[in-house]
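User: Please take one part of this model and look at it closely, then follow its connections outward in a single connected account. I would like the pairing, the burial and the charged contacts treated together.

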Amino acid sequence: QVQLVESGGGLVQPGGSLRLSCAPSGSIFSIYVMGWYRQAPGKQRELVARIFSGGRTEYADSVKGRFTISRDNAKNTVYLQMNSLKPEDTAVYYCFVGSGYSDYWGQGTQVTVSS
């Protein structure tokens, strides 16, 4: 079974930066969207950013101007560059991939923004 492997989470101070990476362990055909969701304690999971096969991107209002999503098509890898991090960005971040056959979810990586 193909799994999504996430990396890059950790503890960072307010105003700092992190870059998350996500790549499938095997081949996924007909990918049309890749992106990131997050879930903070006591809150519902929300969309952070996504990028479609044609290159169009979408961001949550709360992260616009601070986060940038990108991808490497050759490696089927998606990245989330997070700058100017705030304590309210603290959450478990989940990678996802949507294909013509099914959706795939990462296991989640913890991002903690604290002084």
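Analyst:
**Strand 11 and its surroundings**

Strand 2 (residues 10-12) and strand 11 run parallel and are joined by three bridges. The model is a predicted one, and what follows should be read as a description of that prediction. Within this parallel pair, Leu 11 is the residue that stands opposite Thr 112 of strand 11. Strand 11 is also joined to strand 9, again through three bridges, but here the two strands run antiparallel, and Ala 91 stands opposite Val 111. Strands of a sheet can pair in either sense, parallel or antiparallel, through backbone hydrogen bonds. Strand 11 itself, which spans residues 109-113, has two faces: Thr 109, Val 111 and Val 113 make up the covered one, while Gln 110 and Thr 112 make up the uncovered one. The residue opposite Leu 11 therefore belongs to the uncovered face of strand 11, whereas the residue opposite Ala 91 belongs to the covered face.

From Thr 109, on the covered face of strand 11, a contact leads to Glu 6, a residue of strand 1 (residues 4-7). The surroundings of Glu 6 deserve some care, since this acidic residue is buried yet has no salt bridge, and the nearest side chain of opposite charge, that of Arg 45, is 8.4 Å away. With a cut-off of 4 Å for a salt bridge, that separation is too long for one to be counted. What the side chain of Glu 6 does reach is backbone: a polar atom of this side chain lies 2.9 Å from the backbone nitrogen of Cys 95, and the backbone nitrogen of Gly 108 is reached at 3.4 Å. Leaving aside neighbours within four places in sequence, the contacts of Glu 6 also include Ser 21, Cys 22 and Trp 36, together with Tyr 93, Tyr 94, Gly 106 and Gln 107.

Strand 1, which carries Glu 6, takes part in an open sheet of four antiparallel strands in the order 1-3-8-7. Strand 1 and strand 7 (67-72) are the edges of this sheet, and because each has a single partner strand, one side of each is left without a neighbour in the sheet. Averaged over neighbouring strands, and with direction ignored, the turn of one strand against the next is 15°. At the strand 7 edge, the pairing with strand 8 is antiparallel and consists of six bridges, with Phe 67 matched to Met 82 as its bridge partner in strand 8.

Two loops on either side of strand 8 hold residues with an unusual backbone setting. Most residues other than glycine have a negative phi. Asn 76, in the loop between strand 7 and strand 8, is not a glycine but has a positive phi near 55°, and at 24% relative accessibility this asparagine counts as partly exposed. Ser 84, in the loop between strand 8 and strand 9, likewise has a positive phi, of about 50°, without being a glycine, and its relative accessibility of 39% also places the serine among the partly exposed residues.

The loop that holds Ser 84 brings the account to the charged contacts. The side chain of Asp 89 meets that of Arg 38 in a salt bridge, with 3.0 Å from N to O. This pair links distant parts of the chain, 51 residues apart, since Asp 89 is in the loop between strand 8 (77-82) and strand 9 (91-99), and Arg 38 is in strand 4 (residues 31-39). Both partners are buried, Asp 89 with 1% relative accessibility and Arg 38 with a relative accessible area of 6%. Arg 38 has a further salt bridge, to Glu 46, at 2.8 Å from N to O; Glu 46, however, is partly exposed, with a relative accessible area of 33%. Together with Arg 66, the residues Arg 38, Glu 46 and Asp 89 are linked in a network of salt bridges.

Among the six salt bridges of the structure, the one between Arg 56 and Glu 58 has its closest N and O atoms 2.7 Å apart. Both of these residues count as partly exposed, Arg 56 at 47% relative accessibility and Glu 58 at 25%. The buried acidic residues discussed here thus have contrasting partners: Asp 89 meets Arg 38 in a salt bridge, whereas Glu 6, also buried, has none.

How values were computed: Residues are numbered from 1 along each chain as its sequence is written. This is a predicted model: local features need pLDDT of at least 70, side-chain atom pairs count only at pLDDT 80 or more; totals for chains, interfaces and linings use all residues. Side-chain values use heavy atoms; hydrogens and water are left out. Buried means under 20% relative accessible area, exposed over 50%, partly exposed in between (1.4 Å probe, protein chains only). Lys and Arg count as positive and Asp and Glu as negative; His and the chain ends are not counted. A polar contact is a pair of N or O atoms within 3.5 Å; within protein, one must be able to donate a hydrogen and the other to accept it, and residues adjacent in sequence count only if both atoms are side-chain atoms. Contact means heavy atoms within 4.5 Å. Axes are lines fitted to C-alpha atoms, for helices over the stretch in contact, and angles run from 0 to 180 degrees between N-to-C directions.
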